[in-house]
Amino acid sequence: MGYDFDTPVDRHGTWCVQWDGVAERFGVDGLLPFTISDMDFRSPPEVLDALQRRVAHGVFGYTDWRNEDFLSAIAHWSKTRYGTDIAADGAVATSRVVYAPSVLNQLSQLLRMWTGPGDGVVVHTPTYDGFRKALTGLGRELRGVPVGDTAALERQLAHPDSKILLLCSPHNPTGRVWTEAELTLFAELAAAHGVAVVSDEIHADFVHPDFAPPGTRHLPWTRFGSGRWALITAATKSFNFAALSGSYGIIGDPDDHAAFLSRMYTGEGLASPAVLSLTAHIAAYREGAPWLDALNAYVEDNLRMVAERLNAAFPELDWRPPQAGYLAWLDLRPLGIDDDALQRELIEQQKVAIMPGSVYGCDGFLRFNVGCPRAKAEQGMDALVRALRRLRP
């Protein structure tokens, strides 16, 4: 079945953060946005059909996520996509699966369970801004470690107040896919220092083998976890239905699992999930693989286009597409351009919105979202190249 990723979908007036909310973040309305991490593509037709059938039923009462359709769909995706079996005796190990409105909500609950105010959470830098907001909002200390700096990682994990290693796997915003050796080392260091691990794997379905060393693939934390750990994820990113809400996780320790469920059912009052989220997850994981494969091929071509245009204009950048994701992390430091001046040029003259690296703790970078039709991505790259040429010393 062919899928159309080229035809634009008008998202104006749909309360869309990327399009309708651009003025709130950038101070100017009407910009062409390449910002928040969602895509401009319709969700798979298989998902849309399932949602329409569920809506036609017409009754949306309280719902239980602990049903075989939902749990077996998760197990099917884990087994067929990642070769990882989360089932026991033919049934999903419900003693480890949890549900929450979002991945960040899961993270917040785990932070409350496993840390206290002032405790340290070790995170690789640059850092997804949602992590920063969650940590600072709860009064936890973010302890940043540069991607690839093993010595700094061990120093921070050895700190007596470090309680959690928070992984983004694959990493956002760099698109780095952690190797088996790296993940094994993370597990060993966490165990040695008594630190829990939370692995956010919402970008796992976007690995690009063509842009990575041979054999590169996503490896779920379920293969490495020991002691206190949790894997948190959702289909919402991969299949572009974030606004339906919903996420799931796997928690290693039975007591921690029970404590998480108790917190959600009592203190948080979140016993019933959004039924359309369950519907979308089941359809995506059971029927959405061909669409996702086609999407990844399309995104890879968008990323190749970024590399070709950027490197043709500025060979000294030698930019390489990321190993995973639809977010191009652009290192512009060799050009010596002031970040504020670049943002002014992009907004005021080029009329585009591109996320500055400072949002993720790194000056001199941009995060450019290519989860969009090729024509839009090309328009954004042309605007960026014009801006850089005008400002380059």
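Ala, Val, Leu, Ile, Met, Phe, Trp, Tyr, Cys and Pro count as nonpolar in these legends, Asp, Glu, Lys and Arg as charged, and the others, Gly among them, as polar. Please keep in mind that the structure shown is a predicted model.

**View 1. The largest pocket and its lining.** Welcome to the largest pocket, which holds about 1,400 Å³ of space. Its lining is made up of 48 residues, and D38, N240, F241, A242 and A243 are the closest to the pocket centre. Three elements each give two or more residues to this lining: α3 (45–57), α5 (103–114) and α6 (129–137). The biggest share comes from α3, with 4 residues. Sorted by class, the lining has 24 nonpolar, 13 polar and 11 charged residues.

**View 2. The second largest pocket.** Here the volume is about 220 Å³. Look around the lining and you will find T174, L317, W319, R320, P321, P322, W329, D331, R333 and F365. By class, these are 6 nonpolar, 1 polar and 3 charged residues.

**View 3. W329 and Y360, an edge-to-face pair.** One of the residues lining the second largest pocket, W329, also takes part in one of the 19 aromatic pairs of the structure. The partner of W329 is Y360, with 5.7 Å from centre to centre and 80° between the planes, an edge-to-face arrangement. W329 sits in strand β11 (residues 327–331), while Y360 belongs to the loop between β12 (352–356) and β13 (365–369), so the pair links parts of the chain 31 residues apart. Both rings belong to buried residues.**View 4. F239 and Y285, with the ring cluster around them.** The ring centres of F239 and Y285 lie 6.4 Å apart with the planes at 75°, and because an angle over 60 degrees counts as edge-to-face, this pair is edge-to-face. F239 is in the loop between β9 (229–233) and β10 (247–251), and Y285 is in helix α10 (residues 275–287), 46 residues away along the chain. Both F239 and Y285 are buried. They also belong to a cluster linked by ring pairs, together with F5, F41, W65, F70, W77, Y99, Y248, W291 and Y298.

**View 5. R374 and the residues it touches.** Our last stop is R374, found in helix α13 (residues 374–391). Leaving aside residues up to four places away in sequence, R374 touches D6, Y298, D301 and N302. With N302 there is a polar contact between the two side chains, at 2.4 Å. L303 is 71 residues from R374 along the chain, and their C-alpha atoms are separated by 9.9 Å. Y298, one of the residues in contact with R374, is also a member of the ring cluster in View 4.

Conventions
Residues numbered from 1 in each chain as written. Predicted model: local features only at pLDDT ≥ 70, side-chain atom pairs only at ≥ 80, totals over all residues. Heavy atoms only, no water. 1 Å grid on protein atoms, 1.4 Å probe; cavity = no way out; pocket = protein on both sides within 12 Å on 5 of 7 lines; lining within 4 Å. Points joined across faces, edges and corners; volume = space filled by probe spheres on them. Contact = heavy atoms within 4.5 Å. Polar contact = N/O pair within 3.5 Å; in protein donor to acceptor, adjacent residues only side chain to side chain. Phe/Tyr/Trp six-rings, centres within 6.5 Å; stacked < 30°, edge-to-face > 60°. Buried < 20%, exposed > 50% of the residue type's maximum accessible area, 1.4 Å probe, protein only.
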